[in-house]
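Hi everyone, thanks for coming. Have a look at the sequence and the structure on the screen, and then I'll walk you through a few spots.

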Amino acid sequence: MSQATICGLIALGAIVMMFTKIPRGATATLAVILMILAGITDYSTAFKQYSSSTIAIMLSMMIVGAALFETGMATYMGKFLLKITGTRETGILLASMAFATFVSAFVSATGAYYLFLPIIVAITVASGISFQRTLYAYMTALMIGQYITLVGGTGNLTSNSMLTELTGEGWGFFELLPYACLFALTLVPGILFMARKNILPGRQVIPAMAADVADKEVPEKISPKMALSGGILLGAMLLMALDIAGLDMHVIAILAALGCVITGCVDYKTALAKVDFNALFMVAGMTAVAKCIQSVGLMDQLMSSALGSVAGSPFLICAAVYLLSCAGTQFMNNSAWVAVATPIVLPLAGPLNVPVKALAGMVLVGSSSAMLTPMSTSLAAPTMELAEMTQGEFSRCGLVTLVCSMCGALLWAAVFLI
């Protein structure tokens, strides 16, 4: 299969997703089928993503969210949290970003995203603030928190492993923290700027889990079923934070969903009705397409070719590596991109007279900071679908986010790495 054919299929999928009214879940699945028919991958490999742990977490937390809304616990929590954040959009955006940054330092970004999604929905329903803006701000802030510690994200651990293997010295536990701080200083104003200028869309979207119950009267007291559904969410959160061996996040999420149904917090017919299957199919399809692109080595070859012509000052080289990493991760899993690009980049440190960690750092932060396509990060596709953002809207916001991230990354490189 030629690279031109693969690029053509990617371009066709992007055009269909941007300019047609075909549901994005169907478009993503169609792209997977075309790649199978073109011989790029096989059926078992492609459709394996439709039963992945990510899909299990998504589906399960949608059911838990439905239970929280059915019992009234979600709207009660939303009203309570508004007493802390206030009802102004700026306050809610800042509070959600601060919360996301803190949580993702201890819980994986994917786990934190789905675990607290019902709470984000509840706050926006109770306040009338745009769910689109709040969810996008929450998602981007999760990227900050993962760099507070070395164990905050799988990409960090992958980079550390590659660095240790190739140079004998990995990242320190808090060595990525300066980037997290600099990224926060650039991202927060960026999000507020996008909201004020309407670059970040402000339509009020009510996700399926809150449909038909968003207008219900907020309970004055906590009922037994409200307490039960809230306790199930709290238990899931604690188990994910403890990171118990053998008890993976998707298992915890499934147990939480089963608990909500078995205890009667939500009946199974209502639970299934609240599941956004279009979002599930889009995430699974986009992940499968990214895996296909990774398997043929297309981005590896493009990265190697591009780096062959890189020259200039260490600062400009870092900028070039960062942008190449941003481009590569648009079509590949973040951790996979770090594993692919790091061994390509590090041998160039000596000839280019650039510190090894500067190049490794640019690959690492570039891999998770650019969100222009649904395949760019594991949270891009669900955010785009749940918030009902068009491809154009998502890419515009992603471009501003990329500029913010690049400012933080290059400041980090200039002050701490070069």
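I'll go through a surface patch, then one helix, then the core.

Keep in mind that this is a predicted model.

Okay, the surface. L30, I33, L37, Y43 and F47 make up a nonpolar patch of about 500 Å². Two elements give two or more residues each to that patch: α2, residues 24-37, and α3, residues 43-47. The largest share comes from α2, with three residues. Now, Y43 sits in helix α3. Is Y43 buried or exposed? Its relative accessibility is 55%, and the cut-off for exposed is over 50%, so Y43 counts as exposed.

Next up, helix α5, residues 73-85. How far apart should its ends be? We have 13 residues at 1.5 Å a residue, and you count one less than the number of residues, so the expected span is 18 Å. The end C-alpha atoms are 18 Å apart in the model, which agrees. The buried residues of α5 are M73, A74, T75, M77, G78 and L82. And what do they pack against? That would be α4 (53-71), α6 (89-103), α8 (117-127) and α12 (224-242). Just after α5 comes G86, with a positive phi of about 80°.

Last stop, the inside. The largest nonpolar core has 128 residues, and those with the most contacts inside it are Y113, Y136, W171, M362 and W412. Take M362: if we skip its neighbours within four places in sequence, its contacts include C318, Y322, L410 and W412. So W412 turns up both in that contact list and among the core residues with the most contacts.

Definitions and conventions: Residues numbered from 1 in each chain as written. Predicted model: local features only at pLDDT ≥ 70, side-chain atom pairs only at ≥ 80, totals over all residues. Heavy atoms only, no water. Patch = residues over 30% accessible without salt bridge, like charges linked within 9 Å, V, L, I, M, F, W, Y side chains within 5 Å. Areas by Shrake-Rupley, 256 points an atom, 1.4 Å probe, with all protein chains shown as cover. Salt bridge = Lys/Arg side-chain N within 4 Å of Asp/Glu carboxyl O. Helix = DSSP H or I, 4+ residues; strand = E, 2+ residues; numbered from the N terminus. Buried < 20%, exposed > 50% of the residue type's maximum accessible area, 1.4 Å probe, protein only. Core = buried A, V, L, I, M, F, W, Y, C linked by side-chain atoms within 4.5 Å. Contact = heavy atoms within 4.5 Å.
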